[in-house]
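The exercises below ask the reader to work through a structure step by step, and each task is followed by its solution. Please look over the sequence and the model before starting.

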Amino acid sequence: MFSEANVELLLGIVKNDLASALWQTVYMTFLPTILAFVIGLPLGILLVTGEEGGIRPLPKPLMKILNVVINLLRSVPFLILLVVVLPISRFVVGTTVGTPAIIIPLAIAAFPFIARLVETSIREVDQGVVEAAQAMGASPFQIVWKVLIPEAKPALISNFTVALITIFGYGAMAGIVGGGGIGAIAINYGYYRRRALVLYCAVIVLILLVQLFQSVGNTVTRRSDKRIR
Amino acid sequence: MGEPIIRIEGLCKTFGAGDGAVEALKDIDLTVERGDIFGIIGLSGAGKSTLVRCMNLLEKPTTGRVVVNGRDLMSMSERELRRERQKISMIFQGFNLLMQRTSLENICFPLELQGVRREEARKKARDLLALVDLPDKADAYPVQLSGGQKQRIAIARALASDPEVILCDEATSALDPKTTQSILALLKKLNRELGVTVVVITHEMRVVEQICNRVAILDGGVIQETGLVSDVFSNPRTEAGRRLVLPDGDKIHVLPRNRLVRLVFNGSSASLPIISTLAIEQGIKLSVIEADTRSIGEKTFGSMVLGLPEDETEAARALIYLREIPGVTAEEVTEYVQ
């Protein structure tokens, strides 16, 4: 494993590819997560506010469809989804290969998951506070904007971290469509070419990144939560 | 009769439908007058919370009318109702403060909803903090406050929109007795100084005694009695009323074989040494089965259940004597609840 050739290969990768791979990893983790949140946040809120007895009930069939679509998208394995939505990638980012091509599939895979995470966060908001706002004459929009989202903020940040790390894990598969990033290095050098040293080092970098994301996420969550003295 | 501010007519509320339907409120008629501190008392499950939630339509009545300030809430659009609710504030057992906002921001919240300018809202919130005696808690988050302080902030928040009515849903039930006293005193002060009408929902007699001028007794979704607190509490006319006002009546384990008489004292006469007078002057001995006196407002009220002597003529004489005492109602008890 520690043969001269292997070490040399590793050093070469560190010298030439590490910086850009790190950047690609970060970019193809954050961008899809943010995109997925933009879609998933309103959907998750709708799942709570639109149900029977919610603050703005929607027609039952509509809620049913919404739930089924979310479950359906969540049950498709990512690799299959990746292939299926490549035409959409071509349409949106203009290519089906490389790092940009994986942004759209990742976002599509993640938004139903995020919608569910948002749903649970919003459900945690004390119903009594919502009732108090209604008693003060708040409109459904005001309740969402001034009560549900701010009161659920710590849970939302915490769930953003969960989603980010999940998407980070999927991102390693970018290598399959010719994308870059640390995960691609692990797969291309470590797995396909059986260079264990590169594989282990890449995995260690991935572990460190996850640790970093999680601790930053925890800190931000804790700081934002005024329920902690 | 003063000017009615809340008028409820023929209100029914049924939860669910078909076989599982529960009739929470049955044909409620109720009028709260401007400036009242109106108590609605009942045991848990009586429907009190549902009733108070019908007053701002948080709970939509199945049938009936809810008229607040001369306007029929049931016929309003969502938008009109929201505007109307700004004049009907509510405080809760669980305080229901926004946990992620400071006290000051919580008080600003209703003003924010109404689009009041930020500086103006904050200035008003500071005044209200002073009014509820917590001027130094502006930047404290709810988690840093005690239960009583949280309820004070909730009251300040309720006052921010200059309401005409404050609905209190078991507002003191989560508080210890001392804190309860101070919150009740605050509500009374607001009623007196700002003229705001207060509706209090509670299961505690003492809350009603302490601040209310009028009371309705709710039992099984039906208003059993309503009237001035002094009238209803000194002489409850219904079974439900007696159960609430004389709460220990069903806990006595003696099985009296004698005839019983219930005395209800009305004000000053409660202190008369009735029993000893009877014994000394008439030679009639009565046994005390149950006694309970309390002060309501400025007067003393009480009730007593006495066992009459076994001798029929002595019993009759005792009854005549008792009935002649001014300010005392003597009523023979035929069904004594064990």
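Two strands pair if DSSP finds at least two bridges between them, and helices (H or I, at least four residues) and strands (E, at least two) are DSSP runs, numbered from the N terminus. Residues are numbered from 1 along each chain as its sequence is written, while chains are lettered from A and ligands numbered from 1 in the order in which they are written. This is a predicted model, in which local features need pLDDT of at least 70 and side-chain atom pairs count only at pLDDT 80 or more, whereas totals for chains, interfaces and linings use all residues.

**Exercise 1. Work out the order of strands in the open sheet of chain B.**

Step 1. Begin with strand β3 (residues 37–41) of chain B, which runs parallel to strand β9 (residues 214–219) of chain B and is joined to it by 4 bridges; here Gly39(B) stands opposite Val215(B).

Step 2. Turn next to β7(B), which pairs in the parallel sense with β6(B) over 5 bridges, Met90(B) having Leu167(B) as its bridge partner. With strand β8 (residues 197–202) of chain B, β7(B) also pairs in the parallel sense over 5 bridges, and there Leu167(B) faces Val199(B).

Step 3. The full order of the 6 strands is β6-β7-β8-β3-β9-β10 (chain B), and the pairing is mixed. At the edges lie β6 (88–92) and β10 (222–228) of chain B, each of which pairs on one side only.

**Exercise 2. Describe the surroundings of β7(B), stating whether its residues are buried or exposed.**

Step 1. Apply the burial rule: a residue is buried if 20 or more other C-beta atoms, placed from the backbone, lie within 10 Å of its own, exposed if 12 or fewer, and partly exposed in between. By this rule, 5 of the 5 residues of β7(B) are buried.

Step 2. In a regular strand the side chains alternate between the two faces of the sheet. In β7(B), Val165(B), Leu167(B) and Asp169(B) point one way, and Ile166(B) and Cys168(B) point the other way.

Step 3. Follow the chain onward: β7(B), helix α6 (residues 177–194) of chain B and β8(B) form a right-handed β-α-β unit, where right-handed means that, with the strands pointing away from the viewer, the path from the first strand over the helix to the second runs clockwise.

**Exercise 3. Which residues does Val200(B) touch, not counting those up to four places away in sequence?**

Step 1. Two residues are in contact if their C-beta atoms, placed from the backbone, lie within 7 Å.

Step 2. The residues that Val200(B) touches are Ile37(B), Phe38(B), Gly39(B), Cys168(B), Val207(B), Ile211(B) and Cys212(B).

**Exercise 4. Set chain A beside chain B, and then examine where they touch.**

Step 1. Chain A has 10 helices and 0 strands, whereas chain B has 11 helices and 14 strands.

Step 2. Of the 229 residues in chain A, 38% are buried, and of the 338 residues of chain B, 43% are buried.

Step 3. In the interface, 20 residues of chain A are in contact with 20 residues of chain B. On the side of chain A, α7 (127–135) and α8 (140–171) each supply at least two residues.

Step 4. That side of chain A divides into 7 nonpolar, 5 polar and 8 charged residues, where Ala, Val, Leu, Ile, Met, Phe, Trp, Tyr, Cys and Pro count as nonpolar, Asp, Glu, Lys and Arg as charged, and the others, Gly among them, as polar.
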